[in-house]
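Welcome aboard. Please open the structure in your viewer and keep the selection tool handy, as each stop below suggests what to pick next.

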Amino acid sequence: MAARDVPVEVTAPVVEMRGITVEYSGVRVLDGADLTLRPGEVHALMGENGAGKSTLIGALTGTVPILAGTVLVDGLPRTPTSVARSRAEGIATVFQESHLSPHLSVAENIMIGHEVRGRFGISWARSRKQAEAALATVGIEDVDPRAPLAALSPATKQLVAVARAIVLEPRVLVLDEPTSSLDESEATRLLRVVRRLRDQGVAVLFVSHFLEQVFAVSDRMTVLRGGRVVAEYRTAEVDRAELISKMIGEDIDALQALHSQRLSHHYAESSRVALRATSLGRRGMLGPTDLDLARGEVVGFAGLRGSGRTELARLMSGVQRADRGELWLDGERVQLRGPAAALRHRIAVSSENLRHEGIVAGLTVRENIVLALQALRGWARPLSRAEQDAVVDTYLDALHLAHEDLDRPAGELSGGTQQKVMLARLLATRPHVLILDEPTRGIDIGAKLDIQRRVAKLAGEGVAVVFISSELEEVVRLSDRIVVLKDREKIGELSNGPGVTVDTIVEMIAAELDGPDPGDDG
Amino acid sequence: MAAVAPERSSTGPAPSPRERKGGPSVRAIARRLHVDRRYMPVIGTFVVLALILAIGGVRYDNFLSVQVLANLFINNSFLIVLAVGMTFVILTGGIDLSVGAVLALSAVSAAYLLDVGVPAAVVLPAVVLIGSIIGFLIGVMVHVFDVQPFIATLAGMFFARGLCFVIAPESIPITDETFVAIAGWDTWVGGQWRMTTSVVVSLVVVAVAFYLLHYTQFGRTVYAIGGGEQSAQLMGLPVARTKVLVYVVSGTCAGLGGLLFAMYSRSGYSLTGVAMELDAIAAVVIGGTLLTGGTGFVLGSVLGVLVLGLIQTIITFEGTLSSWWTKIVIGVLLLVFVVLQRVLTLRRT
């Protein structure tokens, strides 16, 4: 750690980006951005979705053409024109989307494009050995390098992508949202690898939506907003609230206000039960579960990934059929066969991967929003343009969607905006029960706030909302009641109030964890 | 299949020391015994091939003779070459419908050029080059102008077939001495196995293709493109060049196939090789290559051709059956294989 005491300014920068400007079909997405990367330093790139982070990374790695500005590597102008060129300069990138080949083996994926050459072409023995070394560096030496990539979990794939990036011993490592598919322990493992590489003198560019990870791992950060650099900080010297307000460019108090507003909101205990599940379950998926959802109530599902949150949501909404238990809607017993049936019963569900599964990239925003409503009415009775406009207008302002985006293909929009479009589509069907599975994952804080506000408002209008999120803070902030799940069972229910915090839930899960073992602390 | 489960659990939080200590030996054995799942379809094709051989051997007296097997290679050498080229294209997720017509064009050109007195030493490379050029043009259409491979190669097919008739509507016999000598050359391996020029050429093509696919960057990029073109681009691989090159490879193979066909039939006729591209595609699919690209092996395609050839042989041996039964059996086999692949991939996910 002695190296960390040296003032970092002393080391000469390995990459300097100056005045980088990028336009997509006339729209300026990056406007004179500067970025300096130094060896032995983790530099975080912060900003909302659409702030230009991915574009800046693209400019550095040669996937995005630069309109103006220069990229200096070791002080020499070397504007990358392709991924291969930037790799040759020692810049390795782990892109946000998985960029590995599912059919090839782990070793092939790590080594493709730079396999070790023998006299007769690729030497597989030596290539595999190098791949194994890279796997060991990222801490997954127990993965069989011959296994096909498709057989691995998303988290392991992510680590394989990192192994691929570091196998050439790059001087600059770019990580674009490397932890978004990882759970907590896996993320910790990845951060450990990042620190080790930093200590070996690699310059790391780290992009993540998880503030805590950024604070845990970075030495310095650059904040982007609307394509411009708005601030650069030493991580040790910046305050979280200040950083967030820089990122969203709006007052941080709004966040706090929402919280207190939710706390003061009291749904009537006697209000009508909208949906009731009795011993609902499915073999191998979820143990028998009882649950009531009342009108005007936000019920949060809390639990670790794989605890049964999503499974409960899917069974409740008929996306997957339960093999035991009953489901009651407004006092009547129902059998839901698939999402279309749920929609007819005014239950709207957003899936965990909703952006990938839900958005039809080729259709415009307007068409995406009216899709579910149209399906509900039947295709024989098309919505007129006026009706469409009425529906779309209702949700534009509520969700801070821009009017000019309406007729753009939804695939062109940022993740946060797509998420809002999906939400608008669900709301357009005017559901009585709204089930949101991870509606805010991987989107920026501004969009998050918009969605949370909207959820709170919906509850106020009498909708029964299920809110599922891995971010416990969010669950605590929004929910009236919190259902805690663990190992595919409901282990308890909390009525939210001033005494309930993230720690309350964590303790509940942890207690259940230690429970069966009498030898453990009590 | 069993190898998948430990894979997943091993990615959890740090493995316990006990597991690390006892693990390696067991895992090493499992690893050694574990057949890569990617080989499964090829193994399946091999089993089918063995089955057909067994059925033929039981039903007919002279079926399991060296002569029948040697003839299998002799009669199908051009199809092997076509299937090899097709494998490259299909591995990238494309398709090449032009190869049958290009084969005919190459054969007709060879017959025509020899007929007008051009020396064989010029004709042989020239007709192969015709295939390469058409392949290149198709590759440019597919990559630069982003035309669907189906459409681009369909255009190539009409173009090549039309050109055949422009050159010679009638069949031209080949009488050139050098050419006939080359075509008629043969050798007896082990005293019994007859190998002709065509067989040697086709086996060399298979070997070269195998080397290209597994030991060069070009081959690796072919697989990566099949796994996802954008991923391949983000991995910094030369996607553009490779996408054009696979059609050049396929076109060259079709040109070479035409030459082999001319040697086989000692003539050039504009109606040869009609629908032969479909035979090639069938062979590739039966050989275990996914039409969506990314997985498959050139040796599988060779097995696929042999399966098709053996079915034909059996129907010849049967004697009373119409040759259209070949098509029916191939159709059924194709369906079975595609469904099998589907089941395999479904299980994977």
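Why does the distance between the end C-alpha atoms of helix 6 of chain A agree with its number of residues? Select residues 184–199 of chain A, and remember along the way that this is a predicted model. Helix 6 has 16 residues, and at 1.5 Å a residue they should span 22 Å. Its end C-alpha atoms are 23 Å apart, so the two values agree.

**Stop 1: around helix 6**

Stay with helix 6 of chain A and colour its buried residues. These are A:Glu186, A:Ala187, A:Arg189, A:Leu190, A:Leu191, A:Val193, A:Val194, A:Leu197 and A:Arg198. A general point helps in reading such a list: an α-helix has 3.6 residues a turn, so residues three or four places apart point the same way.

What do the buried residues of helix 6 of chain A pack against? Add strand 3 (42–46), helix 5 (154–166), strand 9 (172–176), strand 10 (203–207) and helix 7 (211–217) of chain A to your selection, for these are their packing partners. Before moving on, click on A:Gly201, just after helix 6 of chain A, where phi is positive at about 100°.

**Stop 2: the six-stranded sheet**

Now bring up the sheet itself. Six strands of chain A make an open sheet in the order 6-9-10-3-11-12, and their pairing is mixed. Its edges are strand 6 (91–94) and strand 12 (228–234) of chain A, each of which pairs on one side only. From one strand to the next, the twist averages 20°.

For a look at one pair, select strand 3 and strand 11 (residues 220–225) of chain A, which are parallel and share four bridges. One of the partnerships to find here is A:Met46 with A:Val223 in strand 11 of chain A. Helix 6 of chain A packs on this sheet, where it touches strand 3, strand 9 and strand 10 of chain A, and its direction makes about 150° with that of strand 10 of chain A. Helix 5 of chain A lies across strand 6 and strand 9 of chain A, at about 175° to strand 6 of chain A.

**Stop 3: the four-stranded sheet**

Next, look for another open sheet in chain A, with four strands in the order 2-1-4-5 and antiparallel pairing. Strand 2 (27–37) and strand 5 (76–77) of chain A are at the edges with a single partner strand each, so one side of each has no neighbour in the sheet. Strand 1 (residues 15–24) and strand 4 (residues 68–73) of chain A are joined by five bridges; look for A:Arg18 opposite A:Thr70 in strand 4 of chain A. Helix 1 (residues 53–61) of chain A lies across strand 1, strand 2 and strand 4 of chain A, and runs at about 115° to strand 1 of chain A.

Is A:Val22 buried or exposed? Select this residue in strand 1 of chain A and count the other C-beta atoms within 10 Å. There are 22, and 20 or more make a residue buried, so A:Val22 is buried. Leaving aside residues up to four places away in sequence, A:Val22 touches A:Val29, A:Leu30, A:Thr55, A:Ala59, A:Val64, A:Ile66 and A:Leu67.

**Stop 4: the other domain**

The domain assignment splits chain A into domain 1 (2–249) and domain 2 (255–514), and their C-alpha centres lie 33 Å apart. Select strand 13 (residues 273–282) and strand 14 (residues 286–294) of chain A, an antiparallel pair with six bridges. They form a hairpin with three residues between them, and A:Gly284 in the turn has a positive phi of about 80°. A:Arg282 has A:Leu286 of strand 14 of chain A as its bridge partner.

Then go to helix 10 (residues 309–316) of chain A, where eight of its eight residues are buried. Just after this helix, A:Gly318 has a positive phi of about 75°.

**Stop 5: chain B and the contact**

Finally, show chain B, which has 15 helices and four strands. Of its 349 residues, 46% are buried.

How many residues does the contact take from each chain? It takes 31 residues from chain B and 31 residues from chain A. On the chain B side, helix 1 (4–9), helix 9 (197–215), helix 10 (217–227) and helix 11 (229–234) of chain B each give two or more residues. Helix 10 of chain B provides the largest share, six residues. By type, this side of chain B has eleven nonpolar, twelve polar and eight charged residues.

Note on methods. Residues numbered from 1 in each chain as written. Chains lettered and ligands numbered in written order. Predicted model: local features only at pLDDT ≥ 70, side-chain atom pairs only at ≥ 80, totals over all residues. Pairing = 2+ DSSP bridges. Domains from an automatic or database assignment. Expected span 1.5 Å × (residues − 1). Buried ≥ 20, exposed ≤ 12 C-beta atoms within 10 Å, placed from the backbone. Contact = placed C-beta atoms within 7 Å. Axes fitted to C-alpha atoms, helices over the stretch in contact; angles between N-to-C directions. Nonpolar A, V, L, I, M, F, W, Y, C, P; charged D, E, K, R; others polar.
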